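Here's a walk through one model, from the overall fold down to a few individual residues. Have the viewer open as you read.

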Amino acid sequence: MSALAGNASDTGRPPVGGNPAHPEFWSLPAQERAAAFTRLRALERPPFCTDPRTGRGFHALVRHADVVTASRTPEIFVSAPGVTTPEPARWVRALFGDSMVNLDDPRHADLRRIVSRAFTPRLIIETTRNALAHGLHLLTVHPDQRELLLSDLDRHLGGAVEEIVRYATPIIQFRRTLAADHRLGGAELARDEKVVLFFGSANRDEAVFTDPDTFDVTRSPNPHLGFGGGGPHFCLGAYLARQEMKVLLRELYTRLPGLRSVGEPELIPSSFDNRVRSLGFTFTPPAR
């Protein structure tokens, strides 16, 4: 099985097996999507997934090794004309220009050098915000991990941040276009075809992570792809994001050790990022 049809079933849901190109796939419960990616990773080669609305599709890179290879081979897997789904319209690019994530070298390298010199925390605050919200919820529904973290923040805080980013994976996917024919993961990919790098699936790859569905703040090693798979498009703000999360979690749990989430986070349905719209929380005010 190398291709997934996009026709909806009688229930209006994607067919059995799951199709991440189907628009309804991203409205499914998180556990169903995770199970679908588990099945896709077990296939012999990256599956070709078709969008039933357009008839067009992409090769889904769902395994850790394939995502890393595509990320670190930018001469074959190029970002132009766009990494998002759908790709930016021509008039948008003409009017506003190309975003850095949609550029390839040498333009990408030139702009990255400029941005890195003027880099500020505002560029990554949205990703950090989502990761922190997911982290608060994960540490609430895994009280043993929360207790372990609070027992020795100095020892476990760094590992907790890495595991939150792995488990939550704030950015779900990026698209690439083949600049030349290429073979990857047992699949023959043709020039101008599309591939989609599914970072969340890669971060649950059983070939890399022991018990990948277990939230473990002591996980080591933890070669997650929550900031990208390496290469020229590795997250420019990864170091700052890690530091921000460490500082914020330390301050929150030091000042409000009883801080916990309430209920499930309300997510914004999206195939691009794991965005939290709202999350309830409670805490015990510190004694005066």
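What follows covers the overall make-up, three helices, the empty spaces and two buried residues.

## The big picture

Keep in mind that this is a predicted model. The protein chain comes to nine helices and ten strands. Of its 288 residues, buried ones make up 45%.

Sequence separation is worth a look too. If you take contacts between residues at least 6 apart in sequence, 64% of them join residues at least 24 apart.

## Helix α9: one side in, one side out

Helix α9 runs over residues 238-255, so to speak an 18-residue stretch. From first C-alpha to last, α9 reaches 26 Å, close to the 26 Å expected at 1.5 Å a residue.

Which residues of α9 are buried? They are A238, A241, E244, M245, L249 and Y253. These residues sit on the same side of α9, because they cover an arc of only 135° around the axis. The other side of α9 has Y239, T254 and R255, which are exposed. The background is simple: an α-helix has 3.6 residues a turn, so residues three or four places apart point the same way.

## Helix α6: the pattern again

Helix α6 covers residues 143-151, and its buried residues are Q145, R146 and L149. Their directions span an arc of only 100° around the axis, which puts them on the same side of α6. Turn to the other side of α6 and you find P143, E147 and S151 exposed.

## Helix α2: wrapped up

Why is helix α2 described as largely enclosed by the rest of the structure? Because six of its eight residues (the helix spans 64-71) are buried. Those are H64, D66, V67, V68, A70 and S71.

As for what covers the buried residues of α2, the list includes the strands β3 (57-61), β4 (77-78), β6 (182-184) and β8 (194-198), along with helix α8.

## A cavity beside α5 and α9

How many cavities of 30 Å³ or more does the structure hold? One. The largest cavity has a volume of about 40 Å³, and its lining is made of T127, T128, A131, V165, P170, G226, F227, A241 and M245. The elements giving two or more residues to that lining are α5 (125-141) and α9. Helix α5 gives the most, with three residues.

Two of the names should ring a bell: A241 and M245 line the cavity and are also among the buried residues of α9. By character, the cavity lining divides into six nonpolar residues, three polar and no charged.

## The largest pocket

The largest pocket has a volume of about 1000 Å³. It is lined by 34 residues, and the closest to its centre are A30, Q31, R33, R204 and N274. The elements that put two or more residues into the pocket lining are α1 (30-41), α5, α7 (153-168), α8 (199-202) and β9 (260-267).

Helix α1 holds the largest share of the pocket lining, with seven residues. If you're thinking about chemistry, the lining residues divide into 16 nonpolar, eleven polar and seven charged. Helix α5 turns up here as well as in the cavity lining.

## Two buried residues up close

Start with V276, found in strand β10 (residues 276-282). Is V276 buried or exposed? It counts as buried, because its relative accessibility is 4%. V276 and P265 are eleven residues apart in sequence, and their C-alpha atoms are 6.5 Å apart in space. Leaving out neighbours within four places in sequence, V276 is in contact with R129, N130, A133, H134, P265, E266 and L267.

Then there's F215, placed in the loop between α8 and α9. At 3% relative accessibility, F215 counts as buried. F215 and Q145 lie 70 residues apart along the chain, yet their C-alpha atoms are separated by 7.9 Å. Not counting residues up to four places away in sequence, F215 touches L138, L139, H142, Q145, E163, I164 and Y167. Q145, one of these partners, is also one of the buried residues of α6.

Notes. Residues numbered from 1 in each chain as written. Predicted model: local features only at pLDDT ≥ 70, side-chain atom pairs only at ≥ 80, totals over all residues. Heavy atoms only, no water. Helix = DSSP H or I, 4+ residues; strand = E, 2+ residues; numbered from the N terminus. Expected span 1.5 Å × (residues − 1). Buried < 20%, exposed > 50% of the residue type's maximum accessible area, 1.4 Å probe, protein only. Arc of directions from axis to C-beta. 1 Å grid on protein atoms, 1.4 Å probe; cavity = no way out; pocket = protein on both sides within 12 Å on 5 of 7 lines; lining within 4 Å. Points joined across faces, edges and corners; volume = space filled by probe spheres on them. Nonpolar A, V, L, I, M, F, W, Y, C, P; charged D, E, K, R; others polar. Contact = heavy atoms within 4.5 Å.
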